[in-house]
Amino acid sequence: MKGILIDVTRCTGCERCAAACVEANGLDRVRAEADRATTPDGLSADRYTSVIGLGDGRFAKKSCMHCQEPSCVSACLVGGITRSPDGAVVYDPDKCIGCRYCMLACPFSVPRYEWDETVPFMRKCDMCADRQTEGKPPACVEACPNQALVFGDREALLAEAHQRLAARPDAYHQHVWGEEEFGGTGVLYVSDVELGSLGWPEAPPPSIPSLTHPLISKTPHIGLSVAAGLLGVNWIIRRRMTLADDGEAGEHSSESRETGKSSDDE
């Protein structure tokens, strides 16, 4: 499984990773730049990667975490979001029905919707899955001038992260963020400052799918029940209209007979 290790102590906030992401994904640069200033975390349908200021001159990249147990995958009713064999959580717009359950389920608030489009889709980072098939690293990793981002096998990245913590215990919090949180994530962090500014939950549960599945699994049954109810109401209304039409037809027929009888009497 592939992943990305982010070392906050090496990030200078240059945002070259975000610019490379926009270019690699063919996104709108003008809209991406506008979204950087207007959205709370800089992420949008035209900006899959953002750089967040953590205070004290520290910065950290934010994008999809590519969870080992993705809540967005658990929440999607039609298989529009899947986790690839390499660990990247990818989106298929051809299957999307626009329910936006993925947005509600994601604990990191990553998926974004194309609110301004006539035919909108959900958008997010896919860890440059196409580049990976060509043997290239994600564009953000390749663009980083300070090696704050490292791409590779997740297990190797975990070993590297723990090695850095052990080698410089005074320079890092002794914790690899993403190793176990939410069932583990493909994007890992080591840092010398707290990461709360990235907008993560303060006390994450072991994994999110276990929380979303009970509700999502009932959705088809709820949908079928609602559909059956609407069909029932429709049948009742149509039945009443038919009976009403039959009644009016009967009245017209009676009036015609009475009129004809009166004519004969005359």
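A salt bridge here is a side-chain nitrogen of Lys or Arg within 4 Å of a carboxyl oxygen of Asp or Glu. R47 and E15 meet that rule, with their closest N and O atoms 3.2 Å apart. R47 lies in the loop between α2 and β2 and E15 in the loop between β1 and α1, so the pair ties together parts that are 32 residues apart in sequence. R47 is buried, at 4% relative accessibility. The model is predicted.

**Overall build**

The protein chain has nine helices and nine strands. Of its 266 residues, 40% are buried. Among contacts with a separation of 6 or more, 58% join residues 24 or more positions apart. The chain exposes about 14,900 Å². Carbon and sulfur atoms supply 53% of that area.

**Salt bridges**

The chain has 16 salt bridges. Three of them are set out below.

| Pair | Closest N to O distance |
|---|---|
| E15 and R36 | 3.8 Å |
| R47 and E15 | 3.2 Å |
| R31 and D116 | 3.8 Å |

E15 appears in the bridge to R36 and in the bridge to R47. Take the R36 pair, at 3.8 Å. E15 sits in the loop between β1 and α1 and R36 in helix α2, so this bridge ties together parts 21 residues apart in sequence. R36 is partly exposed, at 35% relative accessibility.

Helix α2 also supplies R31. R31 forms a salt bridge with D116. D116 lies in the loop between β6 (112-113) and β7 (122-123), so the R31 pair ties together parts 85 residues apart in sequence. R31 is partly exposed at 33% relative accessible area. D116 is exposed, at 67%.

**Two buried charged residues**

What becomes of the side chain of D7? It makes a polar contact of 2.8 Å with the side chain of R164. D7 is in strand β1 (residues 2-7). Its relative accessible area is 0%, so D7 counts as buried. D7 also belongs to a network of salt bridges with R10, E160 and R164. Beyond its neighbours within four places in sequence, D7 is in contact with A148, R164, Y172 and V190.

K61, in strand β3, is buried yet has no salt bridge. Where is the nearest side chain of opposite charge to K61? That side chain is D126, 10 Å away. The cut-off for a salt bridge is 4 Å. The side chain of K61 does make a polar contact of 2.7 Å with the side chain of S63. Leaving aside neighbours within four places in sequence, K61 is in contact with residues including I6, C17, T49, S50 and V51. Also on the list are C140, L149, Y189 and L198.

**Helix α1 and its cover**

Helix α1 spans residues 16-24. Which of its residues are buried? They are C17, A18, A20, C21 and V22. An α-helix has 3.6 residues a turn, so residues three or four places apart point the same way. The cover over the buried residues of α1 includes two helices, α2 (29-38) and α6 (139-143). Strands β2 (50-55), β3 (58-62) and β8 (149-153) are also part of that cover. C17 is among the contacts of K61, and K61 is in β3. Just after α1, G26 takes a positive phi of about 65 degrees.

**A buried loop residue**

M127 is found in the loop between β7 and α5 (129-133). With 1% relative accessibility, M127 counts as buried. M127 and G3 are 124 residues apart in sequence, yet their C-alpha atoms are 8.4 Å apart in space. G3 is also one of the contacts of M127. Others, outside the neighbours within four places in sequence, are K2, I4, H66, A88, Q132, P138 and F151.

**A nonpolar surface patch**

Which residues form a nonpolar patch on the surface? L77, V78 and I97 do, with about 240 Å² of accessible area together. V78 lies in the loop between α3 (71-75) and β4 (81-83). At 35% relative accessibility, V78 is partly exposed.

How values were computed:
Residues numbered from 1 in each chain as written. Predicted model: local features only at pLDDT ≥ 70, side-chain atom pairs only at ≥ 80, totals over all residues. Heavy atoms only, no water. Buried < 20%, exposed > 50% of the residue type's maximum accessible area, 1.4 Å probe, protein only. Helix = DSSP H or I, 4+ residues; strand = E, 2+ residues; numbered from the N terminus. Contact = heavy atoms within 4.5 Å. Areas by Shrake-Rupley, 256 points an atom, 1.4 Å probe, with all protein chains shown as cover. Patch = residues over 30% accessible without salt bridge, like charges linked within 9 Å, V, L, I, M, F, W, Y side chains within 5 Å. Polar contact = N/O pair within 3.5 Å; in protein donor to acceptor, adjacent residues only side chain to side chain. Lys, Arg positive; Asp, Glu negative; His and termini not counted.
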